[in-house]
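Thanks for coming. I will go through one structure today, starting with its charged pairs and then turning to a sheet and its helices.

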Amino acid sequence: MALLDDSSTPHVRLPVRPEHAGFAPYGAPQLDVPILLNVNENPYPPDDDVVGSVAADVAEAVRGLNRYPDRDFLPLRSDLADFLARESGVRLVPEQLWAANGSNEIMLHVMQAFGGPGRTALSFAPTYSMYPEYARDTATRWLTIPRRDDFSLDVDAAVEAIETSAPAVVLIASPNNPTGTAMTLEGIARIAEAAGRVTVRDPDGTAAGCGVVVVDEAYGEFRRTGTPSALELLGSHPNLAVSRTMSKAFALAGARVGYLAASVELVDALRVVRLPYHLSGVTQAVARAALRHADVLLAQVDELRARRDETVAWLRRQTRAGVPLDVVESDANFVLFGRFDDRAEIWQGLLDRGVLIRVVGPDGYLRVSIGTAEEMTVFRSALVEVAGL
């Protein structure tokens with residue numbers, strides 16, 4: 001068999017869209033090191049009972065792979081509604097839930113349905129680095145306003161920006177990535193009300209409707225006691241949506257299941273733009289089996305929350321050249337800390353010792369995901385050595 005030698009293959013200039021030219025694909029480093037604390041994964045794999053249940057349901061689904069999957073997957077949406085009722089005390093009907101291949105695809109559906117040429121998406125920096133890519137990929141104008149110095153959101157400034165720019169979509173990560181900062185229900189409600197008052201217009205001046213607000217609760221299950229979910233606001237704000245994922249708290253990052261809760265009208269708009277049969281029968285089977293074991297899969301959440309708080313407290317006790325580290329309060333399963341003039345060197349020093357964390361967020365900061373007790377012990381020892389704490 002002849003091997004294709006790419007160096008001898010003729011090359012052409014492809015008609016890449018200008019907004020995509022020169023970009024590299026998104027992705028955090030995937031390196032083979034002992035301690036992986038860089039992408040906010042749950043460090044605990046599913047136990048044997050969960051594995052057995054998932055495997056049995058997947059085997060049954062495989063018997064039907066000659067047929068297309070259920071494209072509206074109401075049984076899964078019903079299971080998700082039941083879970084949210086237990087987790088957040090908010091009862092929704094299945095038609096108010098939507099699911100896709102990770103919350104990334106959920107967000108892309110939102111931008112496809114409500115963004116587009118001549119429309120604006122607004123968010124609050126620093127925040128999740130994929131948001132501007134969703135805007136770019138849907139030819140939506142991307143606009144951000146800065147958070148406060150403590151990374152909380154200035155709601156007055158947010159309302160003013162909404163009134164000025166009339167965004168079609170407002171994206172709020174709460175808890176925010178990469179800072180871990182959560183919003184109050186009062187603040188979210190004010191933003192949803194402001195977006196509901198503006199008129200989104202298409203390039204020809206046609207009034208298209210009000211703005212949509214999406215609260216991204218990818219880390220919602222890790223929020224501290226007393227921090228509410230924006231799900232509580234859905235009944236009074238029909239332009240509001242709340243997205244979640246099974247990647248983090250459910251320890252199913254490899255399954256790629258995200259979902260969104262909103263009004264039936266908003267969900268139906270997402271159903272228009274989804275690809276045919278976008279959620280495979282195998283994915284649906286994995287998600288439903290996992291939801292039956294929600295109590296088991298979420299059993300480590302309290303442990304990880306406690307370890308996060310311990311990590312915050314430990315980092316705040318550390319000083320470098322007599323200056324305490326700056327550590328951000330977190331309602332997620334990670335902690336942002338700094339400030340380092342040489343954060344790349346700190347990151348490399350940790351990597352050299354087998355610990356991978358993330359260079360992300362404002363200059364001078366690093367982010368560490370919360371791992372097992374043993375992994376966090378190694379992280380702390382390595383950081384002391386590398387940073388001279």
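A salt bridge, as I use the term here, is a side-chain nitrogen of Lys or Arg within 4 Å of a carboxyl oxygen of Asp or Glu. By that criterion, a search of the whole structure gives 28 salt bridges. Please keep in mind that this is a predicted model.

I will take three of these pairs. The first is Glu-87 with Arg-223, where the closest N and O atoms are 3.0 Å apart. This pair links distant parts of the chain: Glu-87 belongs to helix α2, residues 74-88, while Arg-223 sits in the loop between β8 (212-216) and β9 (240-245), 136 residues apart. Are the two partners buried or exposed? Glu-87 has 23% relative accessibility and counts as partly exposed. Arg-223, at 12%, counts as buried, because the cut-off for buried is under 20%.

The second pair is Asp-331 and Arg-224, again with an N to O distance of 3.0 Å. Asp-331 is in the loop between β13 (326-327) and β14 (334-338), and Arg-224 is in the loop between β8 and β9, so this salt bridge ties together parts that are 107 residues apart in sequence. Here the acid is the buried partner, with a relative accessible area of 3% for Asp-331. Arg-224 is partly exposed at 28%.

The third pair is Arg-308 with Asp-309, at 3.0 Å from N to O. Arg-308 is buried, with a relative accessible area of 0%, whereas Asp-309 is partly exposed at 37%.

Some salt bridges share partners. Glu-87, Glu-217, Glu-221, Arg-223 and Arg-244 are joined into one network in this way.

Now the sheet. In what order do the seven strands of the open sheet come? The order is β2-β10-β9-β8-β5-β3-β4, and the pairing is mixed. The edges are β2 (97-100) and β4 (141-146); each has a single partner strand, so one side of each is left without a neighbour in the sheet. On average, neighbouring strands are turned by 25° against each other, direction ignored.

At the β2 edge, β2 pairs with β10, residues 258-261, in the antiparallel sense over four bridges. Ala-100 has Gly-258 in β10 as its bridge partner.

Two helices to finish. Helix α3, residues 102-114, lies across β2, β3 (120-125), β5 (169-173), β8, β9 and β10, and runs at about 115° to β2. Helix α6, residues 185-197, also packs on the sheet, touching β5, β8 and β9. The direction of α6 makes about 155° with that of β8.

Definitions and conventions: Residues are numbered from 1 along each chain as its sequence is written. This is a predicted model: local features need pLDDT of at least 70, side-chain atom pairs count only at pLDDT 80 or more; totals for chains, interfaces and linings use all residues. Side-chain values use heavy atoms; hydrogens and water are left out. Buried means under 20% relative accessible area, exposed over 50%, partly exposed in between (1.4 Å probe, protein chains only). Two strands pair if DSSP finds at least two bridges between them. Axes are lines fitted to C-alpha atoms, for helices over the stretch in contact, and angles run from 0 to 180 degrees between N-to-C directions. Contact means heavy atoms within 4.5 Å.
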